Amino acid sequence: MENTKNFFENWVETQKNMVENWTEKAQEFQKNVAGGEILTKGTEMYQEWLKKQQENIKSFAGAAEKTGEEVKEKVEGTLENFFDQWKTFQEKAVSVWADAAKKVSESFSGFNSHNPFDGMTSFKTMMDANKYQEMWTNTLKSMSDNMKKPFSAQTADFASKTANDTMDSVKKGFESFMKLYELWAPVFKAAENKVFNSEEYKKMMNPVLYKELMDKMFGFDALNPLKKAYDQYTKNVTAMYEHLGSSAKEGYKSFKDSVEKFSSKLPEGEAFFTEMLKNINSQFKTSVSPFFKLMPDGKEKAQIMLMNELSELYVASANKLAKLQYLVYTKGAKINEQIAEDFAEKARKGEANTDFEAFYTNWININGKAFEDLFRTNEFSKLQGELVTLDAQIRTTTDKLMEMNLAQYPVVLKSQLDELYKTNYELKKQVYEMGKQMAAIVKDSASHKANAHETTAKAASVKTAAKPVQHKASEHKSAKTASSKK
Amino acid sequence: MAVETKDLAEEMAEVSEKLVKGYENLKNAGEILVAQTPKTEVWKRDKVTLYHYTRDTKPTIKTPVLISYALVNRQDMMDLQPDRSLVKNLLNLGLDVYMMDWGYPGPAEKYLTLDDYVNGYLNDAVDMIREEQGVDAISLMGVCQGGTFSAIYAAIYPEKIKNLITIVTPIDFATNDGLLFKWAKDMDIDALVDGYGTVPGEFLNTGFALLKPMMQASKFQNLLNIMDDEGKLMNYLRMEKWINDSPNQAGECYRQFMKDLYQHNKLAKGQLVVGEHKVNLKNITMPLLNIYASEDHLVPPASTTPLNDYVGSKDKELYKFPGGHIGVFVGSRTQKELGPAIEKWLAARDK
């Protein structure tokens, strides 16, 4: 799995280079802010930084460019009534695929051919694993694209929110399913022709596809603290501009345009990551720097320190996330090797799974167990804990920073709201306690009254009860008298 | 060798056909309704509500039962749909049932503590039922985290609880059998609560999803096979609705629960303090029915079963339910076995 290993090592290295570069530039930038040279130095620094970033990305096997193309394709693919059109499209596609599949099958018939020359030609192609993969990827592309395209960033518009969410979940699940299919289809084909072995698999496995599969399976986007922090940052900066009025309109427009452009690319892999850092840096300059001039001198230093802190937190978070993802990717790659070896062995004996869904089930089960084992390790648990902490610290620091910016404007700050909530909570608690005490007093009083009433009633009852006795006694007396009279 | 390219392509075509049918069914799905058993609001304070389920007949078990669900997710799981409702089942078996609804904490509820939940809301609800029903003590049924609350409550106010039933309830947090138990020990809870204030339900759901790493993939596969069956799809959608309906957590309560219980296991050690009360599980002397799920990946048996060793009750029973955490409430076995087992246990102690 040498090519996969190199891929991940390159990937981690690229991330590292990018964040280091970003840190260095951010620090320089902040020094310049403090020195009041931002306007003259900013552009120059940005260009230099951008150049470095581009070099980093170029060294990364063109993966980012590929993702960028996909992003563009998806954004351009926006349609009204998307899912209805998709449904019609799918119905037609079924028959088209059946024909296409037949042609695909025929095109590879050389592997099974009785013609030794055809077979040899195909076998030579087979030996060139990369070309083989490429052939298959191209062949599958038209088919899988047909299925994937409709599941772009669109959201269905069903009456039920749960149905909408489910459709979204189907979309994600389907993308993973297709990624797995793309990855393994060459293996299946090779197995069909009994030329497959696990070493061939290692050459065939496309690491870029594989990484995309893992990203989709684990929703790294959802885990990504940078994305969450960025969202928060965006909200805060937007709120700040909105409160600043007309003088900030120009800056706000530029910020908003940039955010919208950037947001359209959020769900992607490398492109997302690099764009993320680039935009944070860029937005940092364009959106926040003008307000240094508005800030009293005493606060500027504290603000810059906070920004430094925030930059460092972003970088630390990016590095931790890269490490966590690396753990997942490498674990997954090992599992796939195992699956390939098992598959090769079964294929050799003619016992391999006969349908892709059965293969998918087996793949899920093996991966599920292996990843649970990985998640149980101290290394994963600690990394995850550190990421969550960094995410929380980014939030806290961002809040502080925004409060510093907004402190001099007539807006209610988050900390002030928190104070209000706290006071409200404490007062309500006091009222509640007093209410309980009051209820207890009322209850005691009622109980006391009831007791008093009961005592009076008892006394009265004793008196009343005594009367008949007296009566009886008097009756007795009367009777006695009467008797004596008799 | 049966693997053929054409077969694979045909399989993909079949997948597509299923998706098309499923799409139609999803499009036609109306509002997804859960928790439809009739009930009346009988008490409310802040965002917490107490419901009393409606009965057409007099209960055959006279001691009323209060169900205290977890703060995580919603109590609707107990009444997901008419044929998968433990609540409805218990009503049919003759119980008089009340339910706590903890509501949806917002930023203003970030300061609510464990003390507020146990000595405040839960205690008020218990008192309200005692008063309404004219009884000294009620039966308390706690589920998951709501079971932990119930055990704490029963230890503080043993005189108000006639019977205690705990279902998949974490008590001993020293175990690392469940991933949550392990991960929680590596979390900086203070940083988390300070950062979020009110901890988002989405954050918790992300963690739950990772407990079964291939869940998304297997869910897709299962969904694919049922999407064209309207009835099964509706069952699936109700469950999805429940999963995604995840309230935020009041920050201070979350802080104490995670630090004192998950990280320091203070309840099992007898060191937990809630408000002015030190919680001693030995004070639980009433009859105890402790129900646990043998395959529970959220709250492993190693955390639930020790309760029977910690309490002071002489009348105590451990009930093993074969299945997972959620299966306890919605599995067909629940309706056939668990409901009647609870009724039988309570009936024997309803004198």
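## Close-up views of a predicted two-chain model

**View 1. A loop residue of chain B, B:Asn265, is partly exposed, with 18 other C-beta atoms within 10 Å.** This is a predicted model, so each view shows what the prediction contains. B:Asn265 sits in the loop between helix H10 (251-263) and helix H11 (266-269) of chain B. Look at its backbone too: phi is positive, about 50°, although B:Asn265 is not a glycine.

**View 2. B:Cys144 has a positive phi as well, near 55°, in a residue other than glycine.** You will find B:Cys144 in the loop between S7 and H4 of chain B. Is B:Cys144 buried or exposed? With 26 other C-beta atoms within 10 Å, B:Cys144 is buried, because a residue needs 20 or more such neighbours to count that way.

**View 3. Strand S8 (residues 161-167) of chain B is largely enclosed by the rest of the structure, since 7 of its 7 residues are buried.** One partner is strand S7 (residues 138-143) of chain B, which pairs with S8(B) in the parallel sense over 6 bridges. For a landmark in this pairing, find B:Ser139, which stands opposite B:Asn163 in S8(B). To get from S7(B) to S8(B), the chain passes through helix H4 (residues 145-156) of chain B, and this β-α-β crossover is right-handed. Strand S11 (residues 288-293) of chain B also runs parallel to S8(B), joined to it by 4 bridges. Here the landmark is B:Leu164, with B:Leu288 of S11(B) standing opposite. As you trace these strands, keep a rule in mind: in a regular strand, side chains alternate between the two faces of the sheet.

**View 4. The largest nonpolar core of the model has 97 residues.** Those with the most contacts inside this core are B:Leu66, B:Ile67, B:Val97 and B:Ile152. Helix H3 (residues 114-133) of chain B gives the largest share of the core, 8 residues. In soluble globular proteins, nonpolar side chains tend to be buried together. Which residues does B:Leu66 touch, leaving aside its neighbours within four places in sequence? The contacts of B:Leu66 are B:Tyr98, B:Met100, B:Ala125, B:Val126, B:Ile129, B:Ile138, B:Leu140 and B:Met141. There is also a second, separate core of 34 residues, which includes A:Trp184, A:Ala344, A:Phe359 and A:Phe371.

**View 5. B:Ile243 lies in helix H9 (residues 230-244) of chain B.** This residue counts as partly exposed, because 16 C-beta neighbours lie inside 10 Å. Try finding B:Phe208 as well: it is 35 residues from B:Ile243 along the chain, and their C-alpha atoms are separated by 10.0 Å.

**View 6. Chain B as a whole holds 15 helices and 12 strands.** Its C-alpha atoms fill a box of roughly 70 × 50 × 40 Å along the principal axes. The radius of gyration is 21 Å, which agrees with the value near 20 Å for a compact globule of 351 residues. Of these 351 residues, 50% count as buried. Among contacts in chain B between residues at least 6 apart in sequence, 80% join residues at least 24 apart. The mean pLDDT of chain B is 92, and 96% of the residues score at least 70. Take care at residues 1-6 of chain B, where the pLDDT is below 50.

**View 7. A:Ala457 is found in helix H17 (residues 414-485) of chain A.** With 12 C-beta neighbours inside 10 Å, A:Ala457 counts as exposed. Now look for A:Gly368: the two residues are 89 apart in sequence and 76 Å apart in space, C-alpha to C-alpha.

**View 8. Chain A has 17 helices and 0 strands.** Buried residues make up 31% of its 486 residues. How confident is the prediction in chain A, and what is its mean pLDDT? The mean is 60, and 36% of the residues in chain A reach 70 or more. Confidence in this chain is highest in helix H16 (residues 378-406), at a mean of 88, and lowest in helix H5 (residues 116-127), at 33. Over residues 258-278 of chain A, the pLDDT is below 50, yet this stretch has 41 contacts in the model beyond near neighbours in sequence. Where pLDDT is low, the predicted coordinates should not be read in detail. For the model as a whole, the scores are ipTM 0.90 and pTM 0.73.

Conventions: Residues numbered from 1 in each chain as written. Chains lettered and ligands numbered in written order. Core = buried A, V, L, I, M, F, W, Y, C linked by C-beta atoms within 7 Å. Helix = DSSP H or I, 4+ residues; strand = E, 2+ residues; numbered from the N terminus. Contact = placed C-beta atoms within 7 Å. Rg over C-alpha atoms; globule rule 2.2 N^0.38 Å. Pairing = 2+ DSSP bridges. Right-handed = clockwise from strand over helix to strand, strands pointing away. pLDDT = per-residue confidence, 0-100.
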